[in-house]
Amino acid sequence: MSETRLVADESPTGAEDQNREFGGEPASDLGRPTRARSAAEAAEPTRSDTTLVVVTGVSGGGRSTVARALENVGFYVVDNLPQALMIDMAELAFRAGGAARKTAMVLDVRSRAFSTDLAGAIRALKDRGFQPRVVFVDADDEVLIRRFESVRRSHPLQADGRLADGIAIERGLLEEARDQADVIIDTSHLNVNQLRRRVEELFGGEDARRLRVTVLSFGFKYGLPPDADFVLDARFLPNPYWVPELREHTGREEDVSRYVLGQRGAVTFVETYARLINATAPGFEREGKRYLTVAVGCTGGKHRSVAIAEELAARLRQARISATAHHRDLGRE
């Protein structure tokens, strides 16, 4: 059985005293009410608004997979961070804001600066006003040995001894860190995809785990998009380029769109691919794919592919799939 243990976070030290201090502060000489100033101060970001996740655990337990999963859900991930730099990194993330407001720090026992006092480092972060969560990845010794042997790597701490010796030394160093963890994930019976899903469920929310589809129009004469997962060919439809009143317009305009979608087979073409993507989306999500590119091509990427891409994206959104249309070659002619 895999294990996930959740421990309630502690409140940052001094938070209540700080609130009392703001609430009891007298009005300024200019007569500005104390409550109005406190509200303005409360609107400013605080260190507790920075989401910090500290990832540690045994070598071979799955730290790298956890780090990649956190990146998938929008975290800025710093790998192999020396423990002595945790406070500096947290302060940097707080000051940077934006994407860095969600930061994960991965601690590796191989770091020369690593110590067993992770609990002390976490307390120091809380004293600064941060609210870090510690994730510890673990696995049975037998599983760890099989994993190391399968990739033909030695344990970083085994030196001239056996794999089991290195694992035992590392467990001793990380014992306190495991005891202080907020989340313990036992990966003994989890594959990579199952571990990734577990992390995304804990830290990502539903939107972060959803598949995002980009419907990309392009012109075949400019080459295939290298990142396309599906390539659709709209050249079986009559080309609006040969209709004088439509030639200078694009597939984003109503007259061209109506012309393209009014052709025999056009709507069936869109509906067929909408059903295909809708049917495969859950599988892509289960396998960890977060971005899908559906490329729709015509000769120049101006009329048919643009109109079809816009319509396909709209159909996918109606099916509650996150989809946007982009047009690579529009305006190139």
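This note walks through the fold of one predicted model, from the whole chain down to single residues.

1. **Overall make-up.** The chain has 333 residues, and 42% of them count as buried. Its secondary structure comes to 12 helices and 10 strands. The exposed surface is about 17,800 Å², with carbon and sulfur atoms supplying 48% of it.

2. **Contacts along the sequence.** Take the contacts between residues at least 6 apart in sequence. Of these, 78% join residues at least 24 apart.

3. **The four-stranded sheet.** One open sheet holds four strands, in the order β8-β9-β7-β10. Its pairing is parallel. The edges belong to β8 (230-233) and β10 (322-327); each has a single partner strand, so one side of each lacks a neighbour in the sheet. From one strand to the next, the twist averages 20 degrees.

4. **The β7-β10 pair.** β7 spans residues 212-219 and pairs with β10 in the parallel sense. Six bridges join the two strands. To find the register, start at Val213: its bridge partner in β10 is Ala323.

5. **Helices on that sheet.** Helix α11 (residues 266-286) lies across β7, β8 and β9 (291-298). Its direction is at about 175 degrees to β8. Helix α12 (residues 304-318) lies across β7, β8, β9 and β10. This helix runs at about 170 degrees to β10.

6. **Strand β6.** Is β6 (residues 183-186) covered or open on its faces? Both faces are covered. Val183 and Ile185 are buried on one side. Ile184 and Asp186 are buried on the other. Note the aspartate in that set: Asp186 is buried along with its neighbours in the strand.

7. **The partner of β6.** Strand β5 (residues 133-138) pairs with β6 in the parallel sense, over four bridges. Within this pair, Val137 stands opposite Ile185 of β6. Ile185 is also one of the buried residues of β6.

8. **The α6-α7 packing.** Helix α6 covers residues 141-151 and helix α7 covers residues 163-179. They pack at an angle of about 125 degrees, and their axes are 10 Å apart. That angle makes α6 oblique to α7. The crossing is right-handed.

9. **What meets at that crossing.** From α6 come Asp141, Leu144, Ile145, Phe148 and Glu149. They meet Leu163, Ala164, Ile167 and Arg171 of α7. The spacing has a plain background: an α-helix has 3.6 residues a turn, so residues three or four places apart point the same way.

10. **Helix α4.** Which residues of α4 (residues 86-96) are buried? They are Met86, Met89, Ala90, Glu91, Ala93 and Phe94. Their cover includes β2 (51-57), β3 (76-78), β4 (102-106) and α5 (118-127). Just after the helix, Gly97 takes a positive phi of about 65 degrees.

11. **Thr50.** Where does Thr50 sit? Thr50 lies in the loop between α2 (34-43) and β2. Thr50 counts as buried because its relative accessibility is 1%, and the cut-off is under 20%. Leaving out residues up to four places away in sequence, Thr50 touches Ala93, Phe94, Ala100, Arg101 and Phe130. Two of these contacts lead back to α4: Ala93 and Phe94 are among its buried residues.

Technical notes:
Residues are numbered from 1 along each chain as its sequence is written. This is a predicted model: local features need pLDDT of at least 70, side-chain atom pairs count only at pLDDT 80 or more; totals for chains, interfaces and linings use all residues. Side-chain values use heavy atoms; hydrogens and water are left out. Buried means under 20% relative accessible area, exposed over 50%, partly exposed in between (1.4 Å probe, protein chains only). Contact means heavy atoms within 4.5 Å. Accessible areas come from the Shrake-Rupley method with a 1.4 Å probe; for residues, only the protein chains shown count as cover. Two strands pair if DSSP finds at least two bridges between them. Axes are lines fitted to C-alpha atoms, for helices over the stretch in contact, and angles run from 0 to 180 degrees between N-to-C directions. Angles under 35 degrees count as roughly parallel, over 145 as roughly antiparallel, 65 to 115 as roughly perpendicular and the rest as oblique. A crossing is left-handed if the near helix is turned anticlockwise from the far one by less than a right angle, and right-handed if clockwise.
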